[in-house]
Amino acid sequence: MDSLQKFGKAVQTLKPNVEFVAYDKMETEEDFNKVKWVIGEENKVAITTTTNPHSEITWKLLKAEMDKL
Amino acid sequence: MALIKLNNQSLTAVTSLPAAIPTGKIGQVVSYSAQNYGNTTSTSFVDTGTTLNITPTATSSKIFLTFNSGTCFENNNYSNFYMRATFDRNGTNIGAVNDGFTGMYQYQLSSVNDFGFTFHMNYLDSPSTTSQVTYKVQWRVNDSGAQIYHNLEGLSTLTAMEVLA
């Protein structure tokens with residue numbers, strides 16, 4: 001299982017049904033800060049932000065969950 | 001200096017080819033292949049990261065788009081899987097608003113719920129411009145809790161062919 005797959009599973013553990021899109025890899029906090037979080041939609045096209053709106057999901061908590069996988 | 005004119009028009013005024021010139025041929029091909037790996041849980045369309053630019057040579061040209069990618073689905077909450085994909089042209093979804101151009105549906109997967117497949121999508125577009133056009137591949141899942149992995153293995157490829165009409 002690679003880092004992006006672990007990231008996807010860890011996010012679901014911390015907060016189910018969160019919507020995001022991530023690319024390439026998830027190995028550092030810098031990668032985490034590039035995640036695009038879905039905050040809405042217009043005509044079924046996502047509106048995203050790289051400002052994490054989910055207080056339940058921090059790099060520290062996420063990394064801890066990823067390390068369990 | 002001699003000026004070459006077609007039907008007594010300057011080249012800038014020529015908007016279509018004379019009938020004697022055969023059409024329906026490929027004018028140019030632009031292709032993008034990359035290992036741009038992506039993962040989304042979005043239920044509205046987001047970029048896969050696969051994109052290319054092409055500049056048609058005539059407003060009458062059509063652009064034939066082809067896309068393929070190794071894709072994996074993972075579903076935490078449901079045994080049924082829906083995904084949708086579309087082409088975006090210059091920031092606008094040119095497929096159906098909700099469903100895009102095509103999708104994938106799998107009924108009653110096992111409790112493991114990991115499912116890999118090769119995903120293909122084709123479309124013949126009519127951009128009606130001679131300005132640069134940016135095409136992107138976008139995708140989404142249908143249900144919250146589902147995830148799709150784009151380009152899990154190998155390369156994804158997006159190709160645009162200008163068809164001279």
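The following questions and answers concern chain B of a predicted model.

Q: How many helices and how many strands does the secondary structure of chain B contain?
A: Read along the sequence, chain B follows the pattern β-β-β-β-β-β-β-β-β-β-β. The secondary structure accordingly comes to 0 helices and 11 strands.

Q: What share of the contacts in chain B with a separation of 6 or more comes from residues 24 or more positions apart?
A: Strand pairing in chain B offers an example of partners distant in sequence: L52(B) stands opposite Y135(B) of β9(B). Among contacts with a separation of 6 or more, residues 24 or more positions apart account for 82%.

Q: Which strands of chain B pair with β9(B), and in which sense, parallel or antiparallel?
A: Strand β3, residues 46–54, is joined to β9(B) by 6 bridges. Strand β5, residues 81–89, also pairs with β9(B) over 6 bridges, and T86(B) has Q138(B) as its bridge partner there. The strands are therefore β3 and β5, and the sense is antiparallel.

Q: Why is strand β9 of chain B largely enclosed by the rest of the structure?
A: Strand β9 of chain B spans residues 133–141. A residue counts as buried under 20% relative accessible area. The strand is largely enclosed because the buried residues number 7 of the 9.

Q: What part of the accessible surface of chain B belongs to carbon and sulfur atoms?
A: Of the 165 residues of chain B, 41% count as buried. The accessible surface of the chain comes to about 8100 Å². The part belonging to carbon and sulfur atoms is 51%.

How values were computed
Residues are numbered from 1 along each chain as its sequence is written. Chains are lettered from A and ligands numbered from 1 in the order in which they are written. This is a predicted model: local features need pLDDT of at least 70, side-chain atom pairs count only at pLDDT 80 or more; totals for chains, interfaces and linings use all residues. Side-chain values use heavy atoms; hydrogens and water are left out. Buried means under 20% relative accessible area, exposed over 50%, partly exposed in between (1.4 Å probe, protein chains only). Helices (H or I, at least four residues) and strands (E, at least two) are DSSP runs, numbered from the N terminus. Two strands pair if DSSP finds at least two bridges between them. Contact means heavy atoms within 4.5 Å. Accessible areas come from the Shrake-Rupley method with a 1.4 Å probe; for residues, only the protein chains shown count as cover.
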